[in-house]
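Have the model open beside you while you read. The report below walks through it one region at a time.

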Amino acid sequence: APAPAPAPAPAMAKKGSAAGYAPLEQEDEAEENAALLPTAAATPAPPQPPPSVLAEIGTALRLGMPMIVSQYLDRSAQQISVMMIGHIGPEELGAVVLATMWCNITGLSLVMGGMSGLNTMASQAYGAKNYPRLGVLLQRTILMCLCLCVPIGFSWYLFTRPVLMMIGIEREQAELSASFAMIYFLMLPAM
């Protein structure tokens, strides 16, 4: 006896036909449309009136006050030195101003530049609530700046007097400036 013929496979319905996949597709489209279209429960809130100018100024001052105080204290260390030395005499005042200029150009700008990278990275870590990363960034920045202080100190010790004399400053004035630069070096890591 011959073997029975296999049952014919059901005919595949074309996409969109009533017998095939159309009901599933319609359900998927309905779900997608429901997710994309706003419903009555998800109506947007009425627009808020813009904040007043005084409220904006208050917010800016509240957020900016720590930075204002920090910058003021950074600059006041240099200004207080200049004011105090000014009472000693004009030669000493000139030497301190020259040394302060030299130190700002050759050292302080490098350390502040090294620390400015922390601003962006730390704010990202803080915003992401990744506090361990914030601590690591702070430690690396402090270490990098301390490592920068060593060659800066050597350059101030070795080159302040010769460079100032090379640009036409008298020897006594250059020596006073070099002495103040070495005292100023002790303040550099704190800045």
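Gln 124 sits in helix 3, and this residue is exposed because its relative accessibility is 51%, where over 50% is what exposed requires. Look along the chain from there to Leu 134: the C-alpha atoms of Gln 124 and Leu 134 are 8.7 Å apart, with the two positions 10 residues apart in sequence numbering. Please keep in mind that this is a predicted model.

Lys 129 is found in the loop that joins helix 3 to helix 4. What is notable about the phi of Lys 129? Phi there is near 60°, a positive value in a residue that is not glycine. The residue is also exposed, at 60% relative accessible area.

**The overall layout**

The protein chain has 5 helices and 0 strands. Read from the N terminus, the order of elements is α-α-α-α-α. Of the chain's 191 residues, 21% count as buried.

**The largest pocket**

The largest pocket has a volume of about 320 Å³. It is lined by 11 residues, and those closest to its centre are Met 67, Ser 70, Gln 71, Met 115 and Asn 119. Two elements give two or more residues to this lining: helix 2 (53–86) and helix 3 (90–127). Which element gives the most to the lining? That is helix 3, with 5 residues. By character, the lining of the largest pocket divides into 6 nonpolar, 4 polar and 1 charged residue.

**Aromatic rings in helices 4 and 5**

A pair of aromatic rings is described by how far apart the centres are and by the angle of the planes. In this model the count comes to 4 aromatic pairs. One of them joins Trp 156 and Phe 185 in an edge-to-face arrangement, with 6.3 Å from centre to centre and 85° between the planes. Trp 156 belongs to helix 4 (residues 131–166) and Phe 185 to helix 5, so this pair ties together parts that are 29 residues apart in sequence. How do the two partners stand with respect to the surface: buried or partly exposed? Trp 156 is buried, at 0% relative accessibility, whereas Phe 185 is partly exposed at 21%.

Another pair is formed by Phe 180 and Tyr 184, and this one is tilted: the centres are 6.0 Å apart and the planes make an angle of 40°. Both residues are in helix 5, 4 residues apart, which means that about one helical turn separates them. Phe 180 is buried, and Tyr 184 is buried as well. Ring pairs link Trp 156, Phe 180, Tyr 184 and Phe 185 into a cluster.

**A salt bridge in helix 5**

The whole structure holds 1 salt bridge. It is formed by Glu 175 and Arg 171, whose closest N and O atoms are 3.2 Å apart. How are the two residues placed relative to each other in helix 5? Being 4 residues apart in helix 5 (residues 171–187), Arg 171 and Glu 175 are about one helical turn from each other. Glu 175 is partly exposed, at 34% relative accessibility. Arg 171 is partly exposed too, at 43%.

**Cysteines**

How many disulfides does a search of the whole structure find? The search finds 0 disulfides. For a bench biochemist the reason may be worth a look, and two cysteines show it. A disulfide would need two cysteine sulfur atoms within 2.5 Å. The sulfur of Cys 147 has its closest cysteine sulfur in Cys 149, 9.0 Å away, so the gap is too far for a bond. For Cys 149, the closest cysteine sulfur is in Cys 145, at 7.0 Å, which is also too far for a bond. The table sets out these two residues with their accessibility.

| Cysteine | Closest cysteine sulfur | Relative accessibility | State |
|---|---|---|---|
| Cys 147 | Cys 149, 9.0 Å | 48% | partly exposed |
| Cys 149 | Cys 145, 7.0 Å | 4% | buried |

Methods:
Residues are numbered from 1 along each chain as its sequence is written. This is a predicted model: local features need pLDDT of at least 70, side-chain atom pairs count only at pLDDT 80 or more; totals for chains, interfaces and linings use all residues. Side-chain values use heavy atoms; hydrogens and water are left out. Buried means under 20% relative accessible area, exposed over 50%, partly exposed in between (1.4 Å probe, protein chains only). On a 1 Å grid over the protein atoms alone, a cavity is a set of points where a 1.4 Å probe fits but cannot get out, and a pocket is an open set with protein on both sides within 12 Å along at least five of seven lines; lining residues have an atom within 4 Å of a point. Grid points are joined across faces, edges and corners, and a volume is the space filled by probe spheres set on the points. Ala, Val, Leu, Ile, Met, Phe, Trp, Tyr, Cys and Pro count as nonpolar, Asp, Glu, Lys and Arg as charged, and the others, Gly among them, as polar. A salt bridge is a side-chain nitrogen of Lys or Arg within 4 Å of a carboxyl oxygen of Asp or Glu. Rings of Phe, Tyr and Trp (its six-membered ring) pair if their centres lie within 6.5 Å; planes under 30 degrees apart count as stacked, over 60 as edge-to-face and the rest as tilted.
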